[in-house]
Structures are given as structure tokens and as C-alpha cells.
Amino acid sequence: MKKITYTEAKKELEAIVFAIESGELDVDALTEKVKRASELIAFCKEKLTKTDIELQKILDDIA
Amino acid sequence: MMNQSSLTLSELNRQVKDAIRDHLPETCWMRAETSDVRRNRNGHCYLEFIEKDAVTQSIIAKARGVIWANVFQMLSAYFENQTGQQFTSGINVLVRVSVEFHELYGYSLTVVDIDPSFTLGEIARNRQRILKQLEEEGVLTLNRELQLPELANRIAVISSPTAAGYEDFCDQLANNPGGLVFYAKLFPAVMQGDRSEASIIAALDKVFQYSELFDAVAIIRGGGASSDLNCFDSYLLATNVAQFPLPVISGIGHERDVTVLDIVAHTRAKTPTAVAEFFIARLTRTATEIISLEERVVAESQSRLLKEQTDLFSLSKELVHQSSLMIQREMAATQQLSGKMKYGVKHLLQHQAHLLENRGQFIRMVSPVNILKRGYTLTLKEGRIVTSLHDLSADDIIETRFRDGVSTSVITQVVPRKPLEKD
């Protein structure tokens with residue numbers, strides 16, 4: 001999860017949503033996909049709303 | 001020599017002055033570039049008018065100029081209002097001047113009127129020239145063609161650090177209603193006057209060194225009244241911005257004018273606040289997309305699970321129903337079969353018994369005892385039953401059996417039946 005970029009996460013999330021909405025997944029696959037989707041959503045939301053302390057520090061250090 | 005007529009300097013200057021007054025119109029329109037524009041504490045504006053050679057750019061004419069305070073106040077406001085451009089050095093102007101010659105101060109031009117449309121035309125021509133050059137070099141639209149990432153919240157800000165516009169920009173970002181995270185890093189630059197072009201380019205170079213840390217660049221300048229836009233119509237700045245690897249958003253605080261910088265920038269906003277709003281709107285849309293995807297996942301998986309549950313429930317109900325039905329059906333069939341079998345066996349036995357009875361009766365009917373009872377007799381010779389006359393001849397001893405006994409006789413005559421009466 002750490003290595004993924006926002007854009008990659010969003011793309012994967014979109015693919016999952018399409019797959020879920022296609023109605024072709026069985027319940028086991030659906031459960032797996034929903035689990036992955038909630039991970040991706042949490043990741044994207046964090047990027048949008050939580051300050052990345054590490055990045056902030058790097059930016060502050062630019063003289 | 002002494003008798004020859006001669007003039008004092010003041011007399012000569014007066015004659016020059018008179019000649020100028022007599023031979024030149026009181027005022028005339030003149031095109032020139034401004035230079036060294038400055039105001040003294042009384043509000044009078046002193047400047048140089050210059051003309052450069054179109055090719056060599058060397059100065060080929062020069063004259064001192066003055067705009068008296070009362071005139072300057074009026075003209076500069078009018079000029080700035082019309083052009084969005086301060087009356088400053090380095091601009092091409094069309095001014096109405098009166099040519100003055102003062103015995104002590106010499107030649108100078110006093111400005112009495114200005115035509116801003118000429119300057120506008122000059123600015124426009126200058127912009128067109130720069131844009132044409134950028135286009136010919138194939139760089140004009142490069143920055144506009146860059147894609148701003150969906151998650152664009154790391155912004156390199158090129159601004160004067162003390163500008164009110166910069167503060168507004170940061171406040172706006174920090175207090176966005178969605179609680180979205182922005183990183184605004186200031187790269188200070190001079191945003192006004194002759195040094196601004198080089199200063200902004202230096203700031204861009206610095207951002208370039210850290211470009212992987214940023215999603216976009218904002219070039220902003222505090223609003224205020226109309227101000228000097230000259231530096232934003234610079235070829236050097238434009239070509240740097242156009243070829244910059246990150247999208248550049250401009251917000252240099254002018255309402256009407258579109259500078260070359262605005263044209264080559266990825267996105268043009270009017271003010272620093274508008275640039276902040278642009279970023280906020282963009283990130284809000286990004287967040288909204290995630291929320292709507294989340295809603296779709298939740299809605300779809302919920303309705304799907306509900307449907308599976310309903311399916312399972314109705315399947316289990318169906319299973320119970322169908323299996324009890326089947327059991328009932330099988331039981332009924334078994335019962336019916338066993339009934340049938342009972343009946344069938346009984347019937348069969350009855351039938352057989354009846355058959356046996358018939359046979360018995362028949363056998364009883366045809367038994368010799370019964371036949372003898374009905375009056376028939378049985379003839380035997382030497383212990384054997386005689387069935388034909390051929391077996392007998394006269395003097396044979398035969399035995400005749402009756403129902404109730406036996407007699408012995410001697411044959412006296414054998415008369416065979418006539419053949420015609422054979423049956």
C-alpha cells in the first residue's frame with residue numbers, strides 16, 4: 001500500500017467499482033474486492049485530508 | 001570685431017525661444033519611449049523621452065520631459081485606467097507636448113495630454129510579436145498541454161513574500177471548507193519593475209530543482225489597483241513558463257488584460273485568491289470523486305448482499321417446501337402401490353382357485369366312474385379296454401364293467417357297421 005500513488009489507487013478503485021457494478025462477482029470475490037476498495041478509499045482520503053508531516057518537513061527545509 | 005553685432009547667451013536663447021514659439025505649433029502629438037520616469041515631492045513628473053533605432057536598439061534621439069503635478073495626476077490615472085499599466089519607464093507613448101525652451105534650463109517637452117490607445121496598441125503588438133515567436137519555436141502551448149494531476153495540493157508559490165495577495169492565497173487554501181490538505185511553499189521573487197523578469201525566472205529555476213515535490217506552480221501578485229504589467233509580457237519569462245515541466249497557474253492581479261504569461265500558463269486566474277479557489281475547486285472535485293466511488297461501493301455491495309440473503313432465504317424455503325412435497329408424493333405413491341399389490345395378489349389367487357375348481361369339476365365329469373354312472377359301460381378283453389370291433393371275434397370272452405359291478409360274456413356274433421354309416 002505504501003508504494004502506490006494516488007492516481008494508481010484511484011484507477012484501481014474505479015476498476016473495482018466497475019467490477020462490483022457489473023454484478024459478475026460471486027460473493028467471495030465481492031467481499032475481497034470490497035475489502036480492497038475500502039483500503040484504497042482510506043488511502044485516497046488520507047492523501048486529501050491528512051498533512052504528510054514528512055513532506056511538510058522536506059518543504060520547510062528548502063532554503 | 002567688437003563693432004560687429006553680437007549677442008549675449010541670454011539674448012541668443014531668447015531668440016531660439018522666440019523662433020521655437022513662432023515656427024512650431026503650440027502643441028503637437030509625439031511618439032516616444034519613456035525612460036527614467038521619476039516624481040519629485042511636489043508631484044511633478046520628470047522623465048526622458050527617447051527613440052531607439054528599430055534595428056540596432058541604440059538611442060537616436062532624446063529629450064527631457066516634464067508633466068506638472070496637476071496634469072500628471074489626471075493623465076496617469078486616465079492612462080492606468082485605460083491600459084491597466086502604470087505610467088512608468090520603458091513604455092511607448094503617444095503624448096501631446098508643448099515644446100519649451102527656457103533661457104536657463106534649455107530644451108524640454110511639457111506633456112499636456114496622452115493617448116493610451118497608442119500604448120495599448122504597442123503592448124498588443126509587443127504581445128503578438130512574442131506569441132508569434134513562441135509559436136514558431138513550438139513552445140507556446142506546452143504548459144497548457146500539461147495535465148494537472150487529480151491530487152494537486154503541493155504548490156510552489158512564486159510571489160513577493162510581503163504581498164497581501166500571497167497572504168490571501170495562503171489563508172484561502174488553509175481555510176478551505178472541505179478541510180483538504182494543501183502544501184504551499186513560497187519561492188520569493190520581485191514581482192514589479194525592471195528586476196522582476198530575472199527574479200521570477202530565478203525562482204522558477206529553483207522550483208525546477210525540486211519539481212518532483214510539487215504538483216503545480218502558482219505565480220501570483222497582490223491585487224491592488226492597476227499596476228505594471230510590463231514584466232509579464234516578457235519573452236524570456238514566457239518561454240521559461242511555457243517549457244516548465246509543472247503546470248503554471250497565473251494570478252497576477254489584473255482584471256482586463258491578458259498578458260503573455262497568462263497565455264502561456266496552464267491556467268489563468270485573475271487574482272491570487274482566484275488561484276487558491278481554482279486549486280480548492282480542483283481538489284474538492286477530486287475528493288468528491290472518491291466519495292462518490294465509496295458510495296457506489298457501499299450501495300452496490302449492500303444491495304448485492306441483501307439480494308444474496310434474500311436469495312438464500314427463498315432458496316431454503318423452497319428447499320423445505322420442495323422436499324416435503326416430494327416426501328408426500330413418494331409416500332402416496334408407495335401407499336397406492338402397496339394397495340394395488342394387495343388387491344392384485346388376492347385377485348390372482350382367486351383366479352387361480354377358480355381355475356383349479358373348474359379343472360377339478362371337468363376332471364370329475366370325465367372320470368370313468370362318472371361316465372359309468374351315466375349308463376355307459378366299459379368293455380375289456382384279457383384286462384384291456386376294447387375300443388374297436390376289430391379287436392373282437394366270436395367266442396372271445398369279454399368283461400363288461402358297470403357302475404356297480406362286472407359281468408362276463410361270450411361273443412356270439414360280430415357285425416361291423418356298414419361303411420356308409422361311418423361317423
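Chain A of this predicted model is built from three helices and has zero strands. If you walk along its sequence, the pattern you meet is α-α-α. Of the 63 residues in chain A, 30% are buried. Its accessible surface amounts to about 4100 Å², and carbon and sulfur atoms account for 55% of that. The contact pattern is worth a look too: taking the contacts within chain A that link residues at least 6 apart in sequence, 71% of them join residues at least 24 apart.

Now let us turn to where chain A meets chain B. The contact draws on 32 residues from chain A and 29 residues from chain B. Together the two chains bury an area of about 2700 Å², with carbon and sulfur atoms giving 70% of it. On the chain A side, three residues deserve a place in your viewer: A:L48, A:L59 and A:I62 supply 23% of the area that chain A buries against chain B, more than any other three residues.

Charged pairs also take part in this interface. Four salt bridges are found across the boundary of chain A and chain B. One of the salt bridges pairs A:K10 with B:E289, whose closest N and O atoms lie 2.8 Å apart.

Moving into chain B, a good stop is helix α6, which covers residues 196-209. This helix has 14 residues and spans 20 Å from its first C-alpha to its last, close to the 20 Å expected at 1.5 Å a residue. Its buried residues are B:S196, B:S199, B:I200, B:I201, B:A203, B:L204 and B:V207. Why might such positions recur at intervals along a helix? An α-helix has 3.6 residues a turn, so residues three or four places apart point the same way. What do the buried residues of α6(B) pack against? Their partners, also in chain B, are the strands β6 (154-159), β7 (183-188) and β8 (216-220), together with helix α7 (235-242).

The last stop is on the outside of chain B, at B:F362. This residue sits in helix α9 of chain B, which runs over residues 272-366. Is B:F362 buried or exposed? B:F362 counts as exposed because its relative accessibility is 55%, and the cut-off for that label is over 50%. B:F362 does not stand alone there: with B:I363, B:M365 and B:V366, it makes a nonpolar surface patch of about 420 Å².

Notes. Residues numbered from 1 in each chain as written. Chains lettered and ligands numbered in written order. Predicted model: local features only at pLDDT ≥ 70, side-chain atom pairs only at ≥ 80, totals over all residues. Heavy atoms only, no water. Patch = residues over 30% accessible without salt bridge, like charges linked within 9 Å, V, L, I, M, F, W, Y side chains within 5 Å. Areas by Shrake-Rupley, 256 points an atom, 1.4 Å probe, with all protein chains shown as cover. Salt bridge = Lys/Arg side-chain N within 4 Å of Asp/Glu carboxyl O. Helix = DSSP H or I, 4+ residues; strand = E, 2+ residues; numbered from the N terminus. Buried < 20%, exposed > 50% of the residue type's maximum accessible area, 1.4 Å probe, protein only. Expected span 1.5 Å × (residues − 1). Contact = heavy atoms within 4.5 Å. Buried area = accessible area lost by both parts, 1.4 Å probe.
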